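Biologist: I am new to this structure. Please take me through a single part of it, step by step.

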Amino acid sequence: MRPFVYERPTSVSSAVDIATHADTGQSPPTAANTQFIAGGTNLADYMRLGVAQPERLIDLNTLVEPALRQIRIEDDAIRFGALVRMSEAADNGDVRRRCPLLAESLQFAASGQLRNMASLGGNVLQRTRCEYFRETSWPCNKREPGSGCAAMEGFNRQHAVLGTSDACIAAYHGDFAQALIALGATVDIEGQQGRRTLAFAKLHRRPGETPNIETDLAADELITAIEVPLAPWSSRSRYLKIRDRESYAFALASAAVALDMDGERVRSARIALGGVATVPWRASAAEDTLKGKVLDEAAARAAADVAFADAKPREHNAFKIPLGKRTLVRALLETRDMKG
Amino acid sequence: MNQAAPAPKDNQGDPVVRIDARLKVTGQASYPADITTANVAYGALVTSSIARGKVSKLQMDDAKAVPGVLEIVTHGDMDNTHKPKFGNTGASSIGPLHDKTIFYDGQIVALVVAETFEAAEEAATLIHADYEDEPPSATFESKGVKVEPAAGKSPMLKEDAKAGDFDAAWAEAAVKIDEKYSTPTQHHNPIELFSTTAIWQGDQLTIHEPSQNVTGWKVELARQLKLDPANVRIISPYIGGAFGSKGPMTARTAIVAIAARRIGRPVRCVVSRIQAFGTQTYRAETRHRIRIGAGKDGRITAFGHEGWEVTSRPDPYVVGGTSATARMYNYGSVLTHVSLVHADRNTPGYMRSPPETPYVYALENAMDEMAVALGMDPVEFRRINEPEKEPIEGKPFSSRSLIKCYDQASEAFGWSRRDPKVGSMRDGDWLVGMGCATAIYPTAVAPCAARVRLTADGAVRVQCGSHEIGTGVRTIAAQMAAERLGVGIEKISVEMGDSTLPPAPVSGGSISTASVCSAVMKACDAVRDKLFAAAAGNDGPLASSANAKLDMADGKVVAETGKSAKLADVFKAMRVGAIEEYAEFAPKGSSPEALSKLYAGQPEFHGGEGDKDSVKYAFGAEFVEVRINRYTREVRVPRIVGAFAAGRIMNTRTARSQLMGGMIWGIGQALHEATEIDRRHARYVNRDLQDYLVPVNADIKQVDVILVPEVDHEVNPAGVKGLGELGNVGTAAAVASAVYHATGKRIRDLPIRIDDLID
């Protein structure tokens, strides 16, 4: 690990100031020479591996604004401060009751120790765990633009089948983000230019020709809060995560599902897919097929086929297409059978 | 008694608590990289990112400019040392800094030494190697591999086992199967990382490094560095996960020693998790073709087992598990053949039950297929083929309790509740499957020395250069001394893991309990003889019981007449304060030079199939239940039951722990564990614990271990069969059988993953 300057600001505005005045140039935040750190479960790992080499770290754990650490349950929304730890949100009784999907997506992620450290703001910005991205001895367009993609023709069992490009097939491995995109969350952002609120669905960018640019954020911008609207589908919601082992593994496929039912018929469905796409993945077309339908296994299968219609398999990850479909079918049926 | 401390049955010792348990759980046990030493400098390895070619140039200017960098050891710097040797003490013949040739991905190209670990690591990342690279051959079908017969290339496989006329029996068999199986590359990932700390005092070298073979390493390191072995000391008091990974010494040890000599300071090098995948040994990738032919009555008439194993270009590492599979059942005829496939890979090495894990997996998965083909219950199929004698040379088994193991395990498991029809058992959305398989491990023993000192207060010190690799051998040696000398376990201290102690063999092959206990027993008996002679001598406190049989109990010498004398009184009569005996144990059938070879770090192994009078194996039977989701097809293992018979059990607590750990590893081998290789580059891609999966607590639900009583006086004086490597043999086949039972899909390539079960 290289030496770096370590800053400990006490307010969001001073954190943004430091990031603004450091010479960040035009780099995307992940390549900027100044970076924010909260739980550090992802960034510290990548710094040790030489994947991230910031010259300056701005530690957010010293920020004093109380809202950053609060979970507020309102009538029509749940609002999470960005420094709330994953375990705090997962264990919150109101979150569990009002929107099981949110709690489950956190509970099934990482390990107990990691959930105790990792912040929600950092969690949604976690970078891919692509094996070829993680090790600097391989070419990687995301890590080193233009160097090529070793995963494309390499060992790509973990890789994405949706949202891929000719430059990158790295999967987005987070779980919480699937809940957020399904539920139509927004993020509050603060930066040099002021404050803004962004739909969570617009936060992440597909790789396209620039897989090194992962989000809509500028290098001086900080997520301060995440807001999840509460809606008729919130309580009938769940996260199904399928993985090689029972705990502490990334999703091979996952499905975030929330349903608003009118008897046996679907009034509205919310669906996101994890483990199979390059970014948090809302399956809007699949949602549309369910509208007004009786949710039986056939309808669930039809929706799953639509969700994966554009999937592009590589040598080792073709199984993710049938697995992703079956995961969605199972999640839809299990969510249907929940008490609304 | 509780689940962790099973009540001892016949010929089983008490579940004595590990004597070092408190030290370990309170963090007071010092592992080799924990040892503090003054003025230590830190080393970081630089490893290759190609698998085949040559290093044309190392660009080191940026690294040298990092503040705190003291030295960079690279090609040329080892020229005055001998290259490593491949064998039981040496992991590979490749001397990475003796030669600019790259033989495999992750080969050491330099060692950077700096004032701090951080500086060394940073400088290591700044060294850039220019290569003349060549297309590598990664594995079995890769272009450019060299295939050769394995037999005779290594002591692990002198010849291919065969018996009878296989071809004729195969041609005539009424029912037959002919299938291929495979097991993947697997890497050791002990939580204690690999490390070397080298300290010179004049021409005396001390190495602190986790080792399963301190005597062998002392001799081999002295050879490499051209030192008198008396000037080399290897210290390894505790080991955090060994399983063969710390058995053979790797090239790093000498490189770190040379670095320490050059800078005139101690050097510590802890190898990163990623670099351990290239610099340490691993379980070889294997493939198998199994042919089983039988009559309609289920009696096997023909058994054929062909194996292929990947190894490095220069070294003939042989897995060679056919010697066990060829002796497992009462085959009418046997044909085996093992081939080595030389590729651009590091030399493989030992990993818990190295031959049996892959080879018995293939056999047992095939046995289940054959039972299906015969329409026979798989337990019954094994019962029918239970041999009187082993089929290759017709020798008897010194003891064999396999059927007892099947009976006890199947009853505890509830096998009778299994509906044999495939896919017939369900629990809601979960398909239920049940399977079983045989575990086997050869019982070996090797020469061993030990020193035992008893003082008048009843305190005992046991010294033996064996290794506490987590098995509990230190506790078991204490139990043996406590039993023979009639004192409480709290009176015993045991010193191990230091090459200055009486030599013990490598802690491998599950020989330690038998070898160490036999030596400790012999030393204790020599102490007893001295005490008895003095106690019953003319001036002794038991002079009146001169002809009576004597024993030791409760800190006294006890005569069968009922009279006894306190130890202090016997010592008084002898006018001594301590009795110390040094004993050398050599197994039956040892060569005349067996003991001198022990001191030279080349212990002879005896037992298994190699003895003249009988073959010696421990057996077990394992039963597994799997649950597979009908939609998403993930496999879960809610319970596993294993029954094992292994002669005298010294300590039911440590025995259960070993067998339970083995079965858990077996579940990992069945469902999780594999090192993935990028075939284009012959490079490993999942080099960390995030992507190299082993079971976590949530994967392991109910694990039941049954210790089946067995008495075997033939194996060794202690009557002990090693069981450290028995538990993970067969497990993966039991899981594969259960998966078949649940789904009708026969998976022959490990690990079994969702990929294989979904469509």
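Which residue in strand 14 of chain B is the bridge partner of B:Tyr42? Please start there, then show me what surrounds that spot.

Modeller: The partner of B:Tyr42 is B:Arg268, in strand 14 of chain B. Keep in mind that this is a predicted model. Now widen the view to the two strands. Strand 1 of chain B covers residues 41-47. Strand 14 of chain B covers residues 267-270. The two run parallel, and 3 bridges join them. In general, strands of a sheet pair through backbone hydrogen bonds, and they may do so parallel or antiparallel.

Next, the whole sheet. Strands 1 and 14 belong to an open sheet of 7 strands in chain B. The order is 3-5-1-14-11-12-13, with mixed pairing. The edges are taken by strand 3 (69-74) and strand 13 (232-235) of chain B. Each has a single partner strand, so one side of each lacks a neighbour in the sheet. On average, neighbouring strands here are turned by 20° against each other, ignoring direction.

Two helices of chain B pack on this sheet. Helix 3, residues 117-126, touches strand 1, strand 3 and strand 5 (108-114) of chain B. The direction of helix 3 makes about 20° with that of strand 1. Helix 5, residues 214-225, touches strand 11 (195-201), strand 12 (204-208) and strand 13 of chain B. The direction of helix 5 makes about 140° with that of strand 13.

Helix 3 also leads us to the other chain. The contact takes 39 residues from chain B and 34 residues from chain A. Between them, the chains bury about 3400 Å², with 52% of it on carbon and sulfur atoms. B:Tyr631, B:Val685 and B:Gln690 supply 18% of the area that chain B buries against chain A, more than any other three residues.

Charge plays a part in the contact too. There are 7 salt bridges between chain B and chain A. In one salt bridge, the side chains of A:Glu297 and B:Arg630 meet at 4.0 Å, N to O. The two chains also have 19 residue pairs in polar contact.

Where does helix 3 fit in? Three elements of chain B give two or more residues to the side that touches chain A: helix 3, strand 33 (683-684) and helix 18 (754-757). Helix 3 gives the most, with 5 residues. By class, that side of chain B has 13 nonpolar, 7 polar and 19 charged residues. So much for the route from one bridge pair to the neighbouring chain.

How values were computed: Residues are numbered from 1 along each chain as its sequence is written. Chains are lettered from A and ligands numbered from 1 in the order in which they are written. This is a predicted model: local features need pLDDT of at least 70, side-chain atom pairs count only at pLDDT 80 or more; totals for chains, interfaces and linings use all residues. Side-chain values use heavy atoms; hydrogens and water are left out. Two strands pair if DSSP finds at least two bridges between them. Helices (H or I, at least four residues) and strands (E, at least two) are DSSP runs, numbered from the N terminus. Axes are lines fitted to C-alpha atoms, for helices over the stretch in contact, and angles run from 0 to 180 degrees between N-to-C directions. Contact means heavy atoms within 4.5 Å. Buried area is the accessible area (1.4 Å probe) that two parts lose on being put together, summed over both. A polar contact is a pair of N or O atoms within 3.5 Å; within protein, one must be able to donate a hydrogen and the other to accept it, and residues adjacent in sequence count only if both atoms are side-chain atoms. Ala, Val, Leu, Ile, Met, Phe, Trp, Tyr, Cys and Pro count as nonpolar, Asp, Glu, Lys and Arg as charged, and the others, Gly among them, as polar.
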